[in-house]
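Work through the following exercises with the sequence and the model open. Each task is followed by a solution in steps.

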Amino acid sequence: MIESEKYYSKEDEPDFKTRKKMWDKIQKEIYSVKHALFTIPDRRSFLFGIAASIIIYLSSVGVYHLIRDIEERSQPMVIRLDDAYISAISEFERVMHAIITAKAQSSQSLDQINGRKEQLKLLDEAIEELRGETNQRDISPLKRARLRNLYSIKLQILQKMIEQGDIKL
Amino acid sequence: MKIIDNEILIIHRAQKGDQKAFKMLYDANVVSLFRFMKQFSKNSVEVEEWVQRSFIKAYEHLPTFRGDAKFSSWLFRLGLNEVKMDRRRFAILPIDNSEIDEMSSEEQNLDQFDCNDMMKAWLGELDENKRMVFLLYEVEGFSYYEIAEMLGFGESNSRTILTRAKQQLKEKWKKEIKVP
């Protein structure tokens, strides 16, 4: 091992002026690095983050739609038709319920409406019972036909209420 | 190089952007880095450029410095990278490992090698690879492991290069003083 102080001469070392000159240049450079809004690694990781978020979002949407599509396609045609039918009826019921309630508040023939409502209530109970049985993907044609029949009766009652002026659309 | 008592704390402060702390690191290491690099160029402007670039790189990459090596060793590595980048033709030749065993027997004898006034001139005649390893080990006091980290080759290769450098210097010394 050689002592560094013996090996290096004074000429090898930077004098005060040189050290100051070098520091001034370094300081100038690092000052601009410090005050840059985004340094290169920051900017890169920011862009990678944005790109990754977009990719994850698009992938999630794609996967969700794919699973939903596969699920729908895997169902038998009878169930798909039935689901569409139930969905449409439910929507119709929701709208009609609001109208009946509004009408009832200003009705002149409350008894008649109450009778219809009683009928609808009974029908709803029968429908619920039958739907409960078919919830386990029971595709028995008999049960499906019965369910559709109940919906049909319900629609007929609602139609009559509209025709007789119990409900004004 | 100067030894800073609480180097870790100062590095930590510098990592948080404290320029005064970074100036302390600069003051503690600039002389040793400069005089080491001066051994690879007679042109002071070029040496200044290497030193400046080394410190700028150190500042930029300071957040990634984990403190598992000495700051000086890390700084020297950055400095050597700057030298290498400037020397497009400079390439560290792969060392044939078969030579290592052969050399290790001679290594012990050569450890007794002493420095004299002529050595600096002879060292200048060695290729840069050997000069780097010799100076880093014998003068700057870095370990073989640290040198391997700095120069990017194995510890055993560092030993081999140093042995070769010493051997060459010893041959020159024998020739000079006409040892039979």
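**Exercise 1. Fold of the chains**

Task: State the order of elements in chain A from the N terminus on, and give the share of buried residues in each chain.

Solution. This is a predicted model.
- Step 1. Read from the N terminus, chain A runs α-α-α-α-α-α, which is six helices and zero strands.
- Step 2. Chain B runs α-α-α-α-α-α-α-α-α, with nine helices and zero strands.
- Step 3. A residue counts as buried when 20 or more other C-beta atoms lie within 10 Å of its own. In chain A, 4% of the 169 residues reach this; in chain B, 34% of the 180 residues do.
- Step 4. Take the contacts with a separation of 6 or more. Residues 24 or more positions apart account for 58% of them in chain A and for 69% in chain B.

**Exercise 2. A residue in chain A**

Task: Classify E133(A) as buried, partly exposed or exposed.

Solution.
- Step 1. Locate the residue: E133(A) belongs to helix α5 of chain A, residues 110-134.
- Step 2. Count its neighbours: E133(A) has 13 C-beta neighbours inside 10 Å. The exposed class ends at 12 and the buried class starts at 20, so E133(A) is partly exposed.
- Step 3. Compare sequence and space: K143(A) is ten residues from E133(A) in sequence, and their C-alpha atoms are 8.7 Å apart.

**Exercise 3. Two helices of chain B**

Task: Explain why α7(B) is described as largely enclosed, then list the buried residues of α3(B).

Solution.
- Step 1. Helix α7 of chain B covers residues 128-139, twelve in number. Its buried residues are K130(B), M132(B), V133(B), F134(B), L135(B), L136(B), Y137(B), E138(B) and V139(B).
- Step 2. Because nine of the twelve are buried, the rest of the structure largely encloses α7(B).
- Step 3. After α7(B) comes G141(B), which has a positive phi, near 80°.
- Step 4. α3(B) has 18 residues and spans 26 Å from its first C-alpha to its last, close to the 26 Å expected at 1.5 Å a residue.
- Step 5. Buried in α3(B) are V47(B), W50(B), V51(B), Q52(B), R53(B), S54(B), F55(B), A58(B) and Y59(B).

**Exercise 4. The largest nonpolar core**

Task: Identify the elements that build the largest nonpolar core, and place this core relative to the domains of chain B.

Solution.
- Step 1. The core has 43 residues, and L33(B), M37(B), V51(B), V133(B) and L136(B) have the most contacts inside it.
- Step 2. Two or more residues each come from α2 (16-35) of chain A and from α1, α2, α3, α4, α7, α8 and α9 of chain B. The most come from α2(B), with eight residues.
- Step 3. Domain 1 (7-86) and domain 2 (98-177) of chain B both contribute, so the core lies between them.
- Step 4. For M37(B), set aside neighbours within four places in sequence; its contacts are then V47(B), W50(B), V51(B), G79(B) and V83(B).

**Exercise 5. Where the chains meet**

Task: Describe the side of chain A that touches chain B by element and residue class.

Solution.
- Step 1. Chain A puts 18 residues into the contact and chain B puts in 19 residues.
- Step 2. On the chain A side, α1 (4-7) and α2 are the elements that give two or more residues, and α2(A) gives the most, with ten residues.
- Step 3. By class, the chain A side has ten nonpolar, two polar and six charged residues.

Terms used:
Residues numbered from 1 in each chain as written. Chains lettered and ligands numbered in written order. Predicted model: local features only at pLDDT ≥ 70, side-chain atom pairs only at ≥ 80, totals over all residues. Helix = DSSP H or I, 4+ residues; strand = E, 2+ residues; numbered from the N terminus. Core = buried A, V, L, I, M, F, W, Y, C linked by C-beta atoms within 7 Å. Domains from an automatic or database assignment. Contact = placed C-beta atoms within 7 Å. Nonpolar A, V, L, I, M, F, W, Y, C, P; charged D, E, K, R; others polar. Expected span 1.5 Å × (residues − 1).
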